[in-house]
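Hi everyone, thanks for making time. I'd like to walk you through one model today, so let me put it on the screen.

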Amino acid sequence: MEGDIAQMGQFIGAGLAAIGSGAAAIGVGHVAGNFLAGALRNPSAAAGQTATLFIGIAFAEALGIFAFLVALLLMFAV
Amino acid sequence: MATESTNTQGKSGSGRVVFFVLIAIAAVLFVLGLVDEYTMDGPNIHPMDQFIVSPLFGDGPIRFYTPTNVTLWMALAVASVAALMVMGTGGRAVIPSRSQSMAELAYGFVRKMVEDVAGKDALPFFPYIFTLFLFILFANFLGLIPMSFTTTSHIAVTAILAAAVFLTVTLVGFIKNGAGFLSLFWVSSAPLALRPVLAVIEIISYFVRPVSHSIRLAGNLMAGHAVLKVFAGFAGAMGMAGIAPILGVVAIYGLEVLVSAIQAYVFTILTCVYLKDALHPHH
């Protein structure tokens, strides 16, 4: 990978990969928002489900992390 | 007991103030540390410079036995965990001291998590999971001290932790269930025609686990610390108007304290989930 155009492609690709992080943010917000909606309907059941909440958030976040990984690889490894 | 509870209630307000003042001081130190770099190295501040691994003594090549800033801060994390546990279990008072109640809280928290998520038969693995939790938590918190080094922001560190979890879980799965562990990939609740497709997806997701497990921790901490440095760089460059970025750093620093704790929690709870899959692979 040499030349200005290749570097430009690297930067554009990294920027596009950053969109994936935003998409993961939507997913995480969806999980947390739905948890809150359910928790307000039945607050007594909410405490037992926080572990599930964090597992859900972690799995939703994992896919955003792959986008972040692609950005990192483009910036530093390619 | 009654005086004890009123005492803590009276203190919690001032404790909160002290907490915020400490965070503000830490943020200002972040900026001051950067201003020092600024005058020495010119205006080229790179927010990723804080993650450079350098030897502690001299500047020779880094080999696997060279003491570096990473090993120093990892050793400090281990030392502080050991200090907390030794101090916490030294007294064994009925009414616990501060360090004892912190140690007991951490122990009870992780033990309940292992029991709830992975089940009672995962309790033999509790010491390992507790060690993981405390090490990651303390490494994260020590990384928040200004001018320190965040060991868990390096994928090399977290990848070893995640690989150890992955190997442990896979070995435990095969030792406990034999070839029955492979039924983890055969989703028996799905229609028969879909099962081979699902098996491929399950196998891929099984082998991607250590990747996401390690990069989640490293990525979150690295991104957070880079954002802190970027804001601190604004403060260094803006002179008197830098008070606004300093306030931003204070807020982000508070967020980073939260993220440090949550990421340690998430790493541990995912370990429990993987362990549960290994002990009970049947869907």
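I'll start with the ground rules and then spend most of my time on one helix.

This is a predicted model, where local features need pLDDT of at least 70, side-chain atom pairs count only at pLDDT 80 or more, and totals for chains, interfaces and linings use all residues. Residues are numbered from 1 along each chain as its sequence is written, with chains lettered from A and ligands numbered from 1 in the order in which they are written.

Now to α3(B); helices here are DSSP runs of H or I, at least four residues, numbered from the N terminus. Its 21 residues should span 30 Å at 1.5 Å a residue, and the end C-alpha atoms are indeed 30 Å apart; the expected span is 1.5 Å times one less than the number of residues.

Which residues of α3(B) are buried? They are Ala103(B), Val110(B), Met113(B), Val114(B), Val117(B) and Ala118(B). Buried means 20 or more other C-beta atoms within 10 Å of a residue's own, exposed means 12 or fewer, and partly exposed is in between, with C-beta atoms placed from the backbone. Down the axis of α3(B), the buried residues fall within an arc of 105°, so they line one face of the helix; that arc is taken from the directions from the axis to the C-beta atoms. On the other side, Arg98(B), Leu105(B), Gly108(B), Lys112(B) and Asp116(B) are exposed.

And after α3(B) comes Gly119(B), with a positive phi near 95°.

Methods. Helices (H or I, at least four residues) and strands (E, at least two) are DSSP runs, numbered from the N terminus.
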